[in-house]
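Here is a small set of exercises for getting to know a new structure. Please try each task by yourself, then compare your notes with the worked solution.

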Amino acid sequence: MSKLVITFICENRHDVESVTIDLARKGEVSREDIWRLMTRGSRCAKCGSVKFVYRTRYKE
C-alpha cells in the first residue's frame with residue numbers, strides 16, 4: 001500500500017474532489033493535513049453544499 005486516496009464528499013453524498021498521496025514520499029498524514037488538501041472555497045457542483053466529510057483508501 002504505497003498510495004493513499006482521499007475522496008471529499010458533500011453532506012448529500014456527492015463526490016466533490018479526490019486527492020492521491022504517495023506515502024513513500026510523504027510518510028504519515030495527519031487529519032489537519034488532509035483538510036488542507038481540499039481546494040479552498042470548494043462547493044458541491046450538484047447541490048451547492050459547503051459541508052464535507054472524507055473517505056480514505058489505500059492503493060498499491
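The exercises below go through the sheet, the hairpin, the core and a few side-chain pairs of this predicted model.

**Exercise 1. The sheet**

Task: Work out in which order the three strands of the open sheet lie, and which of them are edge strands.

Solution:
- Step 1. Start with a general point: strands in a sheet are paired by backbone hydrogen bonds, in either a parallel or an antiparallel way.
- Step 2. Look at β1 and β2, which pair in the antiparallel sense over seven bridges. As an example, Leu 4 has Ile 21 of β2 opposite.
- Step 3. Now turn to β1 and β3, which also run antiparallel and are joined by eight bridges. Here Lys 3 has Lys 59 in β3 as its bridge partner.
- Step 4. Put the pairs together: the order is β2-β1-β3, in an open sheet with antiparallel pairing. β2 and β3 (52-59) each pair on one side only, and these two are the edge strands.
- Step 5. To finish, compare directions: on average, neighbouring strands of this sheet are turned by 20° against each other, with direction ignored.

**Exercise 2. The hairpin loop**

Task: Find the residue between β1 and β2 that has a positive phi although it is not a glycine.

Solution:
- Step 1. Go to the hairpin of β1 and β2, where four residues lie between the strands.
- Step 2. Within this loop you will meet Arg 13. Its phi is positive, at about 65°, and Arg 13 is not a glycine.
- Step 3. Is Arg 13 buried or exposed? Its relative accessible area is 73%, and exposed means over 50%, so Arg 13 is exposed.

**Exercise 3. The nonpolar core**

Task: List the residues of the largest nonpolar core and find which strand gives the most to it.

Solution:
- Step 1. Collect the eleven residues: Leu 4, Ile 6, Phe 8, Cys 10, Val 19, Ile 21, Val 29, Ile 34, Met 38, Cys 44 and Phe 52.
- Step 2. Match them to strands: β1 (3-10) and β2 (15-22) each supply at least two residues of this core. With four residues, β1 gives the most.
- Step 3. Zoom in on one member, Cys 44. Setting aside neighbours within four places in sequence, Cys 44 is in contact with Cys 10, His 14, Val 16, Ser 49 and Phe 52.

**Exercise 4. A polar residue in a strand**

Task: Describe the surroundings of Thr 7 in strand β1.

Solution:
- Step 1. Check the accessibility: Thr 7 has a value of 14%, and buried means under 20%, so Thr 7 is buried.
- Step 2. Look for its contacts. Not counting residues up to four places away in sequence, Thr 7 touches Asp 15, Glu 17, Ser 18, Val 53, Tyr 54 and Arg 55.
- Step 3. Pick out Ser 18: its side chain and that of Thr 7 are joined by a polar contact of 3.3 Å.

**Exercise 5. The salt bridge**

Task: Locate the one salt bridge that the structure holds, and say where its partners sit.

Solution:
- Step 1. The partners are Arg 36 and Asp 33, with their closest N and O atoms 2.9 Å apart.
- Step 2. Both belong to helix α2 (residues 31-37); they are three residues apart, which means a separation of about one helical turn.
- Step 3. Compare their accessibility: Arg 36 is exposed at 53%, while Asp 33 is partly exposed at 22%.

Technical notes:
Residues numbered from 1 in each chain as written. Predicted model: local features only at pLDDT ≥ 70, side-chain atom pairs only at ≥ 80, totals over all residues. Heavy atoms only, no water. Core = buried A, V, L, I, M, F, W, Y, C linked by side-chain atoms within 4.5 Å. Buried < 20%, exposed > 50% of the residue type's maximum accessible area, 1.4 Å probe, protein only. Contact = heavy atoms within 4.5 Å. Salt bridge = Lys/Arg side-chain N within 4 Å of Asp/Glu carboxyl O. Polar contact = N/O pair within 3.5 Å; in protein donor to acceptor, adjacent residues only side chain to side chain. Pairing = 2+ DSSP bridges. Axes fitted to C-alpha atoms, helices over the stretch in contact; angles between N-to-C directions.
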